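Here is a short set of exercises to work through with the structure open beside you. Try each task on your own before you read the solution.

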Amino acid sequence: MALENVKGQGKIVSTQVFPEQNVQHWTLSNGDKVVWLKTPLAEDKTYFQAQSQAGFMLQGLGKWQSQLATQMIAQNAPLDWEIEQLNQWKKINKVNLSLDQKANKLLFKGTVESDKLADLFRLYYAYQLETTVKDGLDEAKEAMGRSIDLQNEKNDDNLQMQMVAKLRFGKEADDSLPTKASLGPILDQDLNQIWQQMTTLPTTYFIASNQDEASLKALVSQYLAPIPRNDKRVEFEQNLPVKGLGQARFDRHPEPKDDVRLWLFSEHAWQGKDAAMVAILRQIAADKLKLSLRDQSLGVYSLRLESTLNPDTNRVESELKFTANPANTEKLIAQAKAVLRDLPNQITEADIKSAQASFKRAEGERLKSVDTWFNRLILSENQYGDPRYLTDMQGLTDNITLENARAMAAKIFNAENQKVFVVGQKK
């Protein structure tokens with residue numbers, strides 16, 4: 001089996017060079033954009049990601065419909081091929097592409113030996129223009145039908161999920177799953193129409209490799225530039241945790257214990273140095289919480305704190321989880337909040353020196369990996385439209401000071417946006 005040569009030829013219409021970061025931007029004749037990082041770390045491999053705005057929260061697509069279309073396209077083969085033939089072709093050519101649909105984007109990801117890049121691009125072209133839903137929809141609908149039945153059951157899992165959704169998002173309804181009435185009539189051609197809408201959205205290609213510019217440009221012009229796109233303005237629905245305070249409880253455990261979850265968020269525009277600082281503060285805060293809640297109060301175990309500066313929401317999002325003796329639960333929740341609230345005053349110079357040394361060691365190892373550079377290239381482009389973070393990130397350690405840590409700690413564990421959920425013993 002072989003995929004035929006593509007019909008038509010596009011071209012690169014403009015080039016922008018960022019010599020400091022060894023990055024180039026190419027604008028294609030169809031309006032798409034290529035962001036290429038030339039790096040010796042890639043050796044003889046090419047790292048590829050195609051990113052468009054065809055996420056399931058895109059207005060007009062339908063959440064579950066677009067997710068089903070993406071799933072079915074991934075399970076089907078191009079042209080008149082059977083899926084077994086495609087799998088054999090991938091195996092022989094050592095090429096694979098994964099599809100991943102998120103709330104606000106659709107991603108194709110793949111890594112290949114650089115001499116197989118033409119095959120990777122050809123496969124991507126096939127998914128865009130030559131692949132339709134032919135097989136497997138009935139089985140997929142049956143599986144979704146079973147999920148709907150499970151979702152509609154009045155059991156503890158579903159009741160707890162609905163309570164958490166109401167607490168955090170202000171609504172119980174989840175329209176990411178269809179009803180059986182809406183799922184039944186959907187046909188192959190409906191999903192193909194949705195997929196066609198999705199594949200006409202402008203796309204940014206991220207490439208990290210060490211190959212020569214001329215050969216890469218030739219492949220981009222041949223396989224990526226001819227794909228037709230439109231430039232329609234897109235809008236996304238928002239499904240973010242709501243502001244304010246709140247607490248809820250659901251009793252379901254057979255034994256006397258309370259599982260506590262505390263969610264917090266603060267609005268904060270993404271910056272690389274701030275994302276690194278949040279990661280450092282998460283570890284410092286976790287250590288202070290363990291010291292305070294375990295040593296002073298006891299009755300606490302399985303304590304975990306997650307905290308991250310989310311580039312998609314421009315929020316610092318945190319979640320604290322621990323299990324407690326029910327007699328101490330409310331006291332421990334109040335104590336945990338107090339530790340987080342007072343964190344700026346609790347951070348010491350010794351904490352910062354330790355964190356700085358640890359971060360410097362870990363960052364030194366991370367910067368030896370092409371994955372780090374590739375992921376941060378994508379972050380930088382999505383946030384700034386240029387590769388500046390590849391330069392800025394080399395000074396992240398210098399930003400780790402006591403003054404900066406205290407200033408960030410005062411912002412991130414926002415006392416105004418906190419939701420607490422306790423799962424306790426069934427009476």
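**Exercise 1. Two strands and their bridges**

Find how strands β4 and β7 are joined, and say whether they run parallel or antiparallel.

*Solution.* Start with β4, residues 45–52, and β7, residues 203–209: six bridges join them, and the two strands run antiparallel. For one such bridge, pick S52; its partner in β7 is T203. Keep in mind as you go that this is a predicted model.

Next, see what covers this region. Helix α7 (residues 188–199) lies across β4, β5 and β6 (106–113), and runs at about 75 degrees to β6. Helix α13 (residues 370–384) also packs on the sheet, where it touches β2 (23–28), β3 (33–38), β4 and β7. The direction of α13 makes about 150 degrees with that of β7.

Now step back to the whole sheet. It is open and has seven strands in the order β1-β2-β3-β7-β4-β6-β5, with mixed pairing. The edges are β1 (12–18) and β5 (98–101), each of which pairs on one side only. Ignoring direction, neighbouring strands are turned by 15 degrees against each other on average.

**Exercise 2. A tyrosine in β7**

Work out whether Y205 is buried or exposed, and which residues Y205 is in contact with.

*Solution.* First, place the residue: Y205 is found in strand β7. Its relative accessibility is 0%, so Y205 counts as buried, the cut-off being under 20%.

Then list the surroundings. Setting aside neighbours within four places in sequence, the contacts of Y205 include L28, D32, V35, F48, A50, Y124, L224 and R229. For R229 there is a polar contact too: 2.9 Å joins its side chain to that of Y205. V35 is 170 residues away from Y205 along the chain, yet their C-alpha atoms are separated by 6.0 Å.

Finally, look at the rings. Y205 belongs to one aromatic cluster together with F48, F108, F121, Y124, Y127 and W195.

**Exercise 3. Classifying tryptophan pairs**

Decide why the pair W26 and W36 is called tilted, and why the pair W81 and W89 is called edge-to-face.

*Solution.* A search of the whole structure finds twelve aromatic pairs. For W26 and W36, the ring centres are 5.6 Å apart and the planes stand at 50 degrees, so this pair is tilted. The pair links distant parts of the chain, with W26 in strand β2 and W36 in strand β3, ten residues apart. W26 has 0% relative accessibility and counts as buried; W36, with a relative accessible area of 2%, is buried as well.

For W81 and W89, the centres are 6.5 Å apart and the planes are at 65 degrees, so the pair is edge-to-face. The cut-off for that class is over 60 degrees. Both W81 and W89 are buried.

**Exercise 4. The five-strand sheet and a helix on it**

Trace the strand order of the open sheet of five strands, then find which strands helix α5 touches.

*Solution.* The order is β8-β12-β9-β11-β10, and the pairing is mixed. At the edges are β8 (245–253) and β10 (300–310), each pairing on one side only. Neighbouring strands here are turned by 10 degrees against each other on average, direction ignored.

Zoom in on β8 and β12 (residues 418–425): eight bridges join them, and they run parallel. Within this pairing, F250 stands opposite V423 in β12. Helix α5 packs on the sheet and touches β8, β9 (258–267) and β12, its direction making about 175 degrees with that of β8.

Now pick a residue of α5 (residues 156–169), namely N158. With 7% relative accessibility, N158 counts as buried. A polar atom of its side chain lies 2.8 Å from the backbone oxygen of E153.

**Exercise 5. The nonpolar cores**

Which residues touch the most other members of the largest nonpolar core?

*Solution.* This core has 58 residues, and L289, F322 and I347 touch the most other members. Helix α9 (residues 272–297) gives the largest share, ten residues. Another core, of 56 residues, lies apart from it; L58, I73, L97 and L224 are among its members.

To finish, take I347: leaving aside neighbours within four places in sequence, its contacts include L281, I284, L402 and R406.

Conventions:
Residues numbered from 1 in each chain as written. Predicted model: local features only at pLDDT ≥ 70, side-chain atom pairs only at ≥ 80, totals over all residues. Heavy atoms only, no water. Core = buried A, V, L, I, M, F, W, Y, C linked by side-chain atoms within 4.5 Å. Buried < 20%, exposed > 50% of the residue type's maximum accessible area, 1.4 Å probe, protein only. Helix = DSSP H or I, 4+ residues; strand = E, 2+ residues; numbered from the N terminus. Contact = heavy atoms within 4.5 Å. Polar contact = N/O pair within 3.5 Å; in protein donor to acceptor, adjacent residues only side chain to side chain. Pairing = 2+ DSSP bridges. Axes fitted to C-alpha atoms, helices over the stretch in contact; angles between N-to-C directions. Phe/Tyr/Trp six-rings, centres within 6.5 Å; stacked < 30°, edge-to-face > 60°.
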